Structure formats: C-alpha cells, structure tokens
Amino acid sequence: MELEIPYTVTARPDTGSYNAKIGIWLFLASEVMLFGGFFSAYIFLRMGATHWPHHLLNVPMGLFNTFVLITSSITMVMAWTALKMRQFQSYRRWLAATLVCGVVFLGIKSMEYKDKFHHYGVILNNGQEITGHLEMTPAEAMKSSTLRILPDAEDAGSFGYQLRSIFGRPAAGEEKVLEIPKSDIQWWSNFTPRYSTYLATYFTMTGLHGLHIIGGLLVLGFFWGPGAKLYRTNPEHLANRVEVAGLFWHFVDLVWIFLFPTLYLL
Amino acid sequence: MSEEIHDPRKQVPAYVKVFGLLLLLAVINVAASYLPLGGGNIGVGLLVAGAQAILALGILMHFFSEKKTVHHLMALAIASVVALLVIFVCCYADQLNSVTPVK
Amino acid sequence: MKEETGVPQEMNEQGVATGGPHGGGSGTAAHGAGHHEHQIELSWWRHYVFSTDHKVIGIQYMITSLLVALFGFGLMVVMRWQLSFPGKPVPVIGPLLTAVFGANLAPGGVMTPNLYNSFGAIHGTMMIFMAIVPALFAGFGNFVVPLQLGAPDMAFPRLNMASFWSFFVGVVIMLGSFLVPGGAAKSGWTSYPPLADIADTGMGFEPILNGQTLWLIGMAFNITGSLLGSINIIATIIQLRAPGLQWMRLPVFVWSELVTAFLLLLAFPPLESAAIMQLMDRLFGTSFFSPDGLIIGGRHWPASGGGSALLWQHLFWFLGHPEVYVQILPTMGIVGEVFANNTRKPLWSYKIFVYSLLSIGFLSMVVWAHHMYMTGMGQSITTFFQIFTTVISMPSVLLGTVLLLSLWGGSIRLPTPMLFALAWLPMFGIGGLTGLPLGWTPSDMVLHDTYYVIGHFHYMMAPASIMGLFAGLYYWFPKATGRMMNDFWGKVHFWMTIIFFNGVFFPMLIQGFNGVHRRWYDGGAGWQMAQPVLWLNQVMSVSAWILALGQIPFIINFFWSIWRGKKVTSDNPWQATTLEWATPTPPGHGNFLHPVAVYRGPYEYSAPGAARDFLPQWEQEESRVAEPKLSSV
Ligand code: HEM
Ligand SMILES: [Cu+2]
C-alpha cells in the first residue's frame with residue numbers, strides 16, 4: 001500500500017513481535033471471551049436444567065471429527081515450517097491437506113445435523129421423555145391427533161450402537177411403535193435448537209464454531225491460491241501471514257477440544 | 001524471535017509427539033466418559049481437555065516460546081474468562097429462593 | 001514490556017538526526033520508511049470516503065457520532081414533551097411524527113406508549129453505543145493516538161477502515177429500524193428478556209425486519225466495529241511508539257485509550273454471544289432466555305422453556321458496566337491533557353493517574369452485578385459486588401484528586417477547552433457520589449429503577465462525558481483544521497451547556513428520591529404519589545429545550561471555524577508538549593515530516609531554568625526559537 005507501517009514484516013525488538021501477531025493474539029483474546037460467553041450460558045442453563053442428556057449425540061462421529069481437526073492442526077504447523085524453510089511445494093501440499101481436513105470436518109458435521117433433524121423427542125405431561133423416530137411423515141405428524149413413534153433402543157447411548165448407526169439404522173430390538181395421543185404430550189419436536197436448551201446450546205455453539213471453520217478455510221484457501229504469489233516478492237511476509245492465519249486455525253481447533261467433551265461426553 | 005534463532009525444522013519431532021498425545025487424550029476422554037463417576041465425570045473431562053488445550057496452545061501455537069507481550073495479553077484474557085465463568089457459577093449457586101434442580 | 005534505557009536502539013540504526021523535527025531538510029517520511037515518497041495522488045473516494053488514513057477515519061467517526069448524538073438528543077427532547085404535557089400533541093414537529101411513524105404510533109402528533117418506548121430504547125442505545133463511545137474512543141482515539149505516539153498511521157490501516165464502516169452499517173440499521181412495521185425496538189437499551197424475546201413478534205410484524213431483531217443485528221455490526229477498532233488501538237500503542245517513548249512517557253490520553261480498548265476487547269464479546277442467543281430465541285424459537293411456563297396474553301408461549309432471563313442480565317451487564325467506564329475513561333485522558341496544558345505545570349502525579357486508570361480498568365470487570373441487586377441474588381454474592389463497587393470508587397476519587405491538585409499553584413489559562421475540562425471535574429464528582437448509594441443494597445432497594453438512577457448515570461455520561469468531548473473538540477480542532485474555534489462563542493456554548501445540563505439532570509435525583517419510576521410514559525396512578533415533585537418535569541423539559549438551543553452556537557462556530565476561523569500561526573498553538581503538536585498543521589498522510597524521537601516525559605511544563613515554560617517531548621535540547629513556525633505540508 002501507499003504507506004509503510006513499521007514492523008509489518010520484522011519484529012519490533014522490545015516486544016518481539018510483528019504487528020499482525022499482536023493483532024491476532026488480541027483477536028484471539030476477544031474470541032476467548034466470545035466463547036466464554038457461550039460457555040457461561042452453558043453453565044447457567046445446565047445448572048438450572050431439570051434434565052440434561054448424556055451421550056445423546058453420536059460420540060464416534062464426534063471423536064472422528066476431533067481426530068480430523070487435530071490432524072489439521074499438525075498439517076497447518078507443518079505448512080508454516082515448510083514455508084519458513086522456503087520449501088514452497090511442500091508448503092502448498094501441507095496447506096492443501098489442512099484444507100481437506102477442514103472440508104471433511106464440515107461434511108461430517110452436516111451429516112450429524114441431518115441425523116438430528118430426523119430424530120424426535122416427546123415430553124409427556126408427567127414429565128417423562130421419549131425419544132425416537134417418527135413412523136409417519138412430519139406433515140402427517142403435524143396434523144394427526146396421535147404420534148406414532150419408534151422409541152430409541154435401550155443402548156442407544158452406547159458407543160457400539162452409535163458406531164453401528166452411522167452405517168444405517170441398527171435392526172430394531174424389543175421396541176414397539178408407540179401411539180401417543182397429543183393430549184398426553186406437553187412438548188414435542190424433532191431435534192432442532194428449539195427442542196431443549198441443551199440442543200439450543202449444541203446447535204448455537206457448534207454452528208458458530210462451524211462458521212469459524214468456514215472463515216478459516218476461506219483465509220487458508222486464499223493463502224494456498226492467489227495469496228501465495230507473495231512468496232515471490234517477500235517470502236518472509238507470507239510466512240508471517242500464514243503464521244497468523246495458522247494461529248486462528250489452531251484456536252478454532254482448541255475451541256473444539258472444549259466443545260467436544262462438554263457437548264458430546266458430559 | 002525464537003524462530004530466527006532456532007531452525008524451525010527442529011520443532012517437528014515435538015509436533016509429532018503432540019499429535020500423538022492429542023489423539024491419545026481424545027480417546028481417553030471418550031473412554032472416561034463411560035465410567036460411572038457421577039459428578040467426577042465433568043472434572044475428568046475438563047481436566048483432559050485442559051491438558052489438550054495446553055499442549056496445542058503451548059507447542060502448536062508456539063505460546064511457550066513467545067515473548068512477554070503475548071504472555072501478558074493472554075494472561076489478561078484467561079483471567080477475564082475465568083472471572084466470567086467462576087462468578088457466573090457463584091451467581092447461580094447463590095440465589096434467594098433458589099430451587100434445587102431435580103436430579 | 002518496558003525498555004528502560006532512554007532511547008532504544010532502533011533509533012540509532014536509523015540515524016535519527018538530533019534536534020527535533022524543525023531541524024531542517026525538506027519532507028522526508030515518517031520513521032521507519034526512510035526514502036518513501038508520500039505525495040501519492042488518491043482519488044476523491046479513497047481520500048475522503050474509503051480512506052485508510054487514521055485522521056480521516058477519526059474525523060469520519062467524529063462527524064457520524066456527533067450527528068447520531070444530535071439525533072439521540074432530538075429523541076429525548078420529544079420525550080420530554082410527553083413527560084411534561086402527557087397526551088398533548090407535540091408542537092411544531094407533531095405532524096412530522098405522524099407522517100414518519102404513521103397514525104398507529106403517533107395519531108394526531110401525540111406520542112403513544114409504543115413510540116415513547118421506541119424513542120427511549122433508541123435514545124439510550126444510540127447515545128451510548130453509537131455516539132459517545134465512537135466519538136470519544138474511536139474518533140479521538142483514531143485521530144490523536146497515532147499522533148501522540150509518533151506513528152505514521154494505525155498498525156492496521158485497512159482494518160481501521162473496516163471498523164468504521166461496520167460501525168456505520170450498524171448506525172444505518174438502527175436508524176432504519178424506525179421505518180419497519182411496528183417501529184423500532186421498545187425494550188430499553190438493556191433489551192431485557194423475556195420481554196425482548198417476545199417483543200415485535202406475531203401479528204403485524206415481519207420475521208426479520210422488526211424493531212427488536214434489527215436492534216440485535218445493528219448491535220452485532222456495531223460490536224464488530226468496536227472489536228476491530230480496539231484491536232487496532234492496542235496493537236498501535238504496543239507496536240508503534242516512537243523511539244524513546246517508553247510506557248511511562250505516554251500521554252495520559254494514550255493510557256486512557258489503552259485501558260478503554262482492553263475493556264471493549266474483553267467485555268464486548270460476551271454481549272455479542274448474548275445477542276446471538278437472543279437472535280436464536282427470536283428466529284429459531286430456542287429458549288435461552290425463556291423460563292419454564294412462560295404465559296403471554298393468557299397463552300403458553302410456544303417454547304421449550306428451561307432458559308433464564310437472568311442469564312441475559314448477567315451477560316449484558318458483564319459488558320454494561322465496563323461499557324459505562326468506556327464512556328468516561330477517554331474523557332479522563334482528555335481532561336488530563338487539557339489540565340496539564342492550561343495549568344502550565346505537570347500533572348500533580350502522573351503515576352497515580354496512570355495506576356488509577358489501570359485499576360479502574362481491572363476492577364470494572366468484577367462489579368457488573370450491582371445492576372442486579374434486586375433480582376434475588378443471594379447475600380454472599382451481593383456482598384462481593386458491594387465490596388468491589390465500593391473499592392472501584394477509590395481509584396475514581398484518586399483520579400479526581402490528582403486533577404484537582406494539579407490546579408494548585410498553576411498559572412491557569414482559561415481558553416474554552418479548559419473551561420469544559422474544569423467543569424468536567426465537579427460533574428464527575430456528582431456522578432460518582434450519587435453512584436455510591438446505588439452500590440449498596442439497602443439504599444439501592446429504594447432507589448433502583450427510579451429517576452435517581454437516571455440522574456446518576458446521566459451526570460456521568462452527559463455533563464461529564466460530553467464536557468470532556470467538547471474539551472477535546474475545542475482542544476484538537478486547530479490540529480485538524482489549522483484554524484481556531486471562536487473563543488467567545490465557545491464560552492457562550494460552555495455556559496449554556498453547563499447550566500442547562502444541571503437543569504435537566506439535578507431534578508431527576510430529587511424525583512428519584514420521591515419514587516418516580518424511570519420508565520413510565522405518563523405515570524398514571526404511580527404519579528399520584530409523586531405529586532409534589534411533578535412540577536420538576538416542566539423544569540427539566542424546559543432546560544432540555546434551552547440546552548438544545550445552546551448547542552446552536554457550537555454548531556455554527558464549528559462549521560464557521562472550519563473555513564473562516566482564525567488561522568493558527570504555529571504548529572503548536574497551545575504551546576503543548578505532546579507529539580501530536582510536532583506534526584504539520586493539518587498533518588498530511590504519514591503525519592510526521594521527519595522521524596521523531598522522544599526525550600522526556602509528557603508534561604514538562606515550567607521546568608526550572610528553562611527559557612520557555614514548556615519542553616516538548618520531541619526536542620532533545622531546548623529550542624532557541626520562541627515559537628516554531630508553521631511548517632507546510
Ligand atoms: C463511583 C463510581 C460508580 C458507582 C459506585 C456506580 C454505581 C452504580 C450502580 C450501583 C448502578 C445500578 C443502579 C440500579 O440500577 O439500581 C449504576 C447504574 C448506572 N451507572 Fe453507575 N456507578 C459509578 C460510575 C459510573 C460511571 C463512571 C458511569 C458512566 C460513565 C456510570 C453509568 C451508569 C449507568 C449507565 C447506569 C444505569 C444503567 C441502567 O440501569 O440503565 N456509572 N451505577
Ligand atoms: Cu455499573
């Protein structure tokens with residue numbers, strides 16, 4: 001640009017950082033507080049809840065996604081290392097691997113969302129909760145005065161069952177389809193944010209996290225494609241920029257490291 | 001900057017170790033969540049996640065080798081978020097007429 | 001973070017010539033960019049609209065937020081009519097109200113309760129988030145901070161532009177929300193749920209284009225802008241200090257901006273998260289803030305329940321309290337600058353001043369629930385918040401004391417900025433003292449949600465903050481335009497403002513003691529109990545209207561002076577010591593004609609043995625020239 005700002009590429013001696021690095025850490029500080037706001041909401045809602053589900057989400061899928069993100073963190077830092085060593089081709093390869101991981105993560109996440117939208121919950125007037133799948137179309141369910149629901153298996157929360165359910169719904173066991181008159185029902189819906197405060201936190205936090213992933217992918221994609229041209233004129237500057245983008249990416253992984261146990265496991 | 005002094009390649013073995021540890025801890029965390037520890041589950045889960053966070057922050061994000069300025073900034077952020085979370089818990093716990101949640 | 005040696009090494013590397021910026025040679029660029037040429041032709045758009053120059057952005061912020069302030073003030077002036085003459089058509093602009101807001105909200109020029117609530121909510125929101133904070137923090141922060149640091153620009157000029165435009169979009173959305181069906185948000189600047197969750201929904205409202213949803217979206221833009229701006233300010237202060245400008249040589253205004261920026265950075269995001277949750281509640285029917293068994297209009301609210309309205313209050317006030325300090329801290333800095341300059345002596349204790357600023361910053365993160373004493377908090381946690389609320393008033397008092405003692409033995413000059421700065425002090429005093437009873441539960445029980453609270457915080461934000469704002473405007477005006485504002489009209493403006501500010505806000509304290517509730521539209525039965533103090537409504541309203549008239553001299557003076565004001569004859573018309581006065585007038589892109597370095601603390605006035613009564617930070621040895629000439633850009 002027109003004007004040269006000091007310390008865009010080299011570090012200021014007394015602070016040991018170039019400007020963008022200070023900038024990104026400040027940004028991360030604000031992100032800590034943003035997710036901190038959500039976690040404090042999680043605490044508040046959970047402490048006030050009469051019932052908080054366990055292992056409702058598909059743990060094997062979540063675990064796999066955790067692996068994917070951890071891997072992407074490593075490929076990210078490898079991309080930066082390569083750039084520091086001035087190995088341009090290797091940098092592009094590692095960065096491409098990071099991008100692939102990000103896309104895989106989003107793909108799996110959207111499968112999980114879709115699963116949840118097909119899953120239903122019913123709360124009876126006596127407070128009892130029944131979860132399962134509709135044995136009728138959603139449109140019918142809206143109109144009809146009774147709900148036909150195939151309840152979830154006893155062991156639906158177990159790791160093995162959830163693992164099998166990824167590859168198609170496991171064969172039904174003892175359960176029989178229930179017919180519940182709507183007059184007995186206090187609240188029913190599929191597993192969308194409005195079903196319960198637990199799902200509201202789940203969708204809001206993972207949704208926001210997903211947006212961060214998308215943002216990170218855009219930035220990293222830029223440095224993989226058009227942004228990489230900077231390598232020819234100022235490789236050190238590019239390395240700085242990739243480091244900064246990488247810090248953001250690591251942070252997004254870090255958020256997931258906390259989201260996974262709080263939402264899937266505990 | 002530390003990167004200028006050290007050869008960035010020297011870090012690679014550390015990254016690989018962190019990679020392994022992070023995966024391992026994730027598995028441990030999942031396994032621990034199936035143990036019947038009652039309220040202890042939450043403690044274990046957060047502890048393991050905290051360990052993972054420290055590894056990722058310290059080594060992958062080079063936090064351990066950053067200079068003071070960054071450390072101060074992050075200390076401030078962590079202090080604020082801890083204040084936020086802790087005071088929230090206290091506020092929840094200490095309410096007039098508070099209803100004890102049905103377990 | 002400190003470098004303790006006098007001048008750090010990079011200065012020597014660049015071979016900075018001794019003798020300060022007037023030493024000779026034609027314009028070389030600012031430090032760090034030795035041979036760079038700055039006279040680059042920019043298109044009109046890039047120069048004035050999508051500019052990355054911190055000074056232009058600062059002025060954009062300032063103008064936008066002054067216009068917003070005028071608008072917000074206008075809303076209040078109309079509300080004061082309703083309070084004095086309930087149910088009567090608003091004179092003069094009544095037909096305009098009907099035309100703009102429709103016969104539903106303003107039939108025959110009369111304010112309906114809904115319109116009153118909209119005006120109140122938007123008055124508060126816009127004044128706080130879109131007028132005072134952007135003007136003080138972003139306007140002055142952008143214009144002055146890089147100059148005082150000796151920097152060529154902000155650390156991230158393009159980000160700077162983005163933050164202004166994000167803020168601007170927020171303002172447009174907030175203003176536009178008046179025009180959607182049902183009118184603007186009505187739930188106060190605090191947007192408390194469950195009311196705010198259900199407001200503006202149902203029959204006759206659009207799903208997204210309704211007041212409360214637009215309020216949330218507008219705030220999201222505004223918050224984003226604030227966050228980017230505070231990152232920029234902090235990074236600039238950390239990274240771009242001129243050689244020799246150690247931490248304890250920073251002007252107090254820079255310190256105040258630094259603390260403010262940290263408060264915004266750390267306190268705003270939780271409100272952003274809360275805003276997202278409220279959006280979810282409104283758009284996707286979640287129950288973050290809807291409790292179990294919510295019944296509205298006799299029917300169960302169709303939501304799962306299980307949420308907590310208190311959660312919103314906590315998240316809101318986690319920002320809300322730091323936010324109120326965000327509005328006063330920059331003015332503390334401004335007043336400090338103006339005091340030192342016009343008493344012609346160093347601040348009584350620079351160190352105490354700075355440490356007070358810092359401790360106010362820290363403490364203001366842990367007092368937020370003093371806004372919620374009446375929500376059924378338990379005793380231990382209220383005790384915690386009462387203690388910290390009391391403790392935070394100590395650094396505030398220290399700050400005031402430092403300023404007061406700075407006057408002692410000074411040879412005080414009284415130009416307009418100094419008048420405003422002087423008046424800031426007692427106004428801040430009243431604001432702070434009225435805050436204390438609110439900080440203790442026994443008295444807050446009586447005063448909460450009365451006009452007393454309104455009086456308390458307006459003393460802080462109107463007389464105090466706005467006095468500081470004007471002090472800064474009159475003080476830095478010559479640097480931005482090369483001309484002085486007229487002193488006589490400035491003084492007229494000052495007296496009108498200070499007298500009628502008090503006319504508006506002091507009676508509020510009295511009404512509050514008598515139990516007048518802060519949000520009543522016409523009082524109804526409640527006002528019956530407050531008969532003896534109702535006449536004060538007229539006093540306040542008339543004061544408000546005269547106050548509005550009192551701003552006319554300022555507006556005219558401002559524009560007249562931009563083009564016609566007396567030209568300054570020196571780059572340093574106030575004979576000040578800080579770096580912004582080492583630039584040409586007005587400073588060009590890149591700011592400094594020569595690399596600057598700093599040789600001493602910020603307020604070396606009346607040093608014993610010196611020929612002049614001020615020693616600028618940038619002069620290595622005292623210059624022999626009595627008054628440095630005006631340098632051309
Ligand atoms: C000595 C320092 C201060 C103390 C002890 C203090 C205390 C309080 C307390 C306890 C309340 C809550 C009253 C209630 O709702 O019952 C309050 C409200 C408020 N204060 Fe202060 N305050 C102080 C300084 C400030 C400053 C510096 C500002 C702004 C520049 C400010 C702005 C406000 C605002 C805006 C509210 C009301 C918010 C609302 O409910 O709409 N205060 N203050
Ligand atoms: Cu407060």
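How many helices and strands are there in chain C? There are 18 helices and two strands, and the legends below visit several places among them. Please keep in mind while browsing that this is a predicted model.

**Figure 1. Chain C as a whole.** With its 18 helices and two strands, chain C is the setting for most of the views that follow. Its C-alpha atoms fill a box of roughly 80 × 55 × 50 Å along the principal axes. The radius of gyration is 25 Å, which agrees with the value near 26 Å that a compact globule of 633 residues would have. Buried residues make up 63% of the 633 residues. If you like contact maps, look at those contacts in chain C with a separation of 6 or more: residues 24 or more positions apart account for 79% of them.

**Figure 2. The surface and charges of chain C.** About 22,800 Å² of chain C is exposed, and carbon and sulfur atoms supply 69% of that area. The charged side chains comprise 27 positive and 29 negative ones. The centres of these two sets lie 7 Å apart.

**Figure 3. The copper ion and its histidines.** Three protein donors surround the copper ion (ligand 2): ND1 of C:H321, NE2 of C:H370 and NE2 of C:H371. These atoms lie 1.8 to 2.1 Å from the copper ion. Notice the atom names if you are setting up protonation states, as C:H321 donates through ND1, whereas C:H370 and C:H371 donate through NE2. Along the sequence, the spacing of the donor residues reads H-x48-H-H. Distant parts of the chain are linked here by the pair C:H321 and C:H371, which are 50 residues apart. C:H321 belongs to helix α10 (residues 309–343) of chain C, while C:H371 sits in the loop between α11 (350–363) and α12 (379–407).

**Figure 4. Two copper donors compared for exposure.** Is C:H321 buried or exposed? With a relative accessible area of 5%, C:H321 is buried, because the cut-off for that class is under 20%. C:H371 has a relative accessibility of 23% and therefore counts as partly exposed.

**Figure 5. The iron atom and its protein donor.** Which residue gives the iron atom of ligand 1 its single donor from the protein? That residue is C:H456, whose NE2 atom is 2.1 Å away from the iron. C:H456 is carried by helix α15 (residues 451–481) of chain C. The copper ion (ligand 2) is also in this view, with 4.4 Å separating it from the iron atom of ligand 1.

**Figure 6. C:V172 and C:M365, a pair to span with a ruler.** Helix α6 (residues 157–176) of chain C contains C:V172. At 46% relative accessibility, C:V172 counts as partly exposed. C:M365 lies 193 residues from C:V172 along the chain. Their C-alpha atoms are separated by 30 Å.

**Figure 7. Backbone details in the loop between α6 and α7.** Here is a place to check your backbone torsions. Most residues other than glycine have a negative phi, and most peptide bonds are trans. C:S191, located in the loop between α6 and α7 of chain C, has a positive phi near 45°. C:S191 is buried, with a relative accessible area of 1%. The peptide bond from C:P193 to C:P194 is cis, and its omega is near 0°. C:P194 is found in the loop between α6 and α7 (195–198).

**Figure 8. Backbone details in the segment after α18.** The segment after α18 (531–564) of chain C holds C:P586. A cis peptide bond with omega about -20° joins C:T585 to C:P586. C:N591 also lies in the segment after α18, and its phi is positive, near 70°. With a relative accessible area of 2%, C:N591 is buried.

**Figure 9. Chain B, a chain of helices.** Chain B has four helices and zero strands, and the pattern along its sequence is α-α-α-α. Of its 103 residues, 40% count as buried. Residues 24 or more positions apart account for 50% of the contacts with a separation of 6 or more in chain B. The accessible surface of chain B comes to about 5,500 Å², with 74% belonging to carbon and sulfur atoms.

Terms used:
Residues numbered from 1 in each chain as written. Chains lettered and ligands numbered in written order. Heavy atoms only, no water. Rg over C-alpha atoms; globule rule 2.2 N^0.38 Å. Buried < 20%, exposed > 50% of the residue type's maximum accessible area, 1.4 Å probe, protein only. Contact = heavy atoms within 4.5 Å. Areas by Shrake-Rupley, 256 points an atom, 1.4 Å probe, with all protein chains shown as cover. Lys, Arg positive; Asp, Glu negative; His and termini not counted. Charge placed at Lys NZ, Arg CZ, Asp CG, Glu CD. Donors = N, O, S within 2.8 Å, 3.2 Å for Na, K, Ca; no water.
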